[in-house]
Amino acid sequence: MGITNYGSIQESYLMKVEVVLVKRMIKRSIPLYLGVLIFSLIRSEEAFVTSLIASFTVTFAFLLNAYMQSYAASISINLFYVSALFGFFLRIGMTILILLAFRVAYPMDLVILPISVIILFIGMLAIESFTLLKKDRDLDWIETE
């Protein structure tokens, strides 16, 4: 069976592997997000709001990239490979642009901003790597026979 020839039982899962992975990563990263937010709250209220904006931005970037890769995979496997190759750079660039836009609208703590983004971004990548390396039991449906 090929990747696009599942059957009637698993059609709802067709090409949504990335989205499922990112949603699970977000659930697993809640302690990481809480730690960053508590640390920034200790510093100041402005740092807390800055960290909150950084948290939403990083989460949005990961989710948007997952949907983009899932959509690309539904079109063509080659397009999926291109999307996966440039997705990392797209996430970083989009994160920077969104944070620059927020910087114009809201005075952010410029010490907490890069610390929050770096910790959350690397933490999410580590959780993603760990999830794929340990092979979640619930991800058995993505393998082809």
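In this predicted model, T57 is a buried residue, because its relative accessible area of 3% lies under the 20% that marks the limit for burial. T57 has its place in helix α3, and, when residues up to four places away in sequence are not counted, its contacts are with T95, I98, L99 and F102. Helix α3 spans residues 45-75, whereas α4 comprises residues 77-105.

Burial is also found along helix α1, which is formed by residues 17-28. The buried residues of this helix are E18, V19, L21, V22 and M25. Around the helix axis these residues cover an arc of only 160 degrees, and they therefore lie on the same side of α1. The elements against which the buried residues of α1 pack are α3, α4 and α5, the last of these covering residues 112-134. The length of α1 was also compared with expectation: for 12 residues at 1.5 Å a residue, a span of 16 Å should result, and the end C-alpha atoms of α1 are 17 Å apart, in agreement with that value.

On the surface, a nonpolar patch is formed by Y71, I75, L79, V82, L85, F86, F88 and F89, which together have about 830 Å² of accessible area. Both α3 and α4 supply at least two residues each to this patch, but the largest share, six residues, comes from α4. One of the patch residues, F86, is found in helix α4 and is classed as partly exposed, because its relative accessible area of 49% falls between the 20% limit for buried residues and the 50% limit for exposed ones.

As to charged side chains, a search of the whole structure finds one salt bridge, in which the side chains of R43 and D109 meet at 2.7 Å, N to O. This pair links distant parts of the chain, since R43 belongs to helix α2 (residues 30-43) and D109 to the loop between α4 and α5, with 66 residues separating the two. The partners also differ in how they are classed by accessibility: R43, at 47% relative accessibility, counts as partly exposed, whereas D109, with a relative accessible area of 8%, is buried, because this value is under 20%.

Notes: Residues numbered from 1 in each chain as written. Predicted model: local features only at pLDDT ≥ 70, side-chain atom pairs only at ≥ 80, totals over all residues. Heavy atoms only, no water. Patch = residues over 30% accessible without salt bridge, like charges linked within 9 Å, V, L, I, M, F, W, Y side chains within 5 Å. Areas by Shrake-Rupley, 256 points an atom, 1.4 Å probe, with all protein chains shown as cover. Salt bridge = Lys/Arg side-chain N within 4 Å of Asp/Glu carboxyl O. Helix = DSSP H or I, 4+ residues; strand = E, 2+ residues; numbered from the N terminus. Buried < 20%, exposed > 50% of the residue type's maximum accessible area, 1.4 Å probe, protein only. Expected span 1.5 Å × (residues − 1). Arc of directions from axis to C-beta. Contact = heavy atoms within 4.5 Å.
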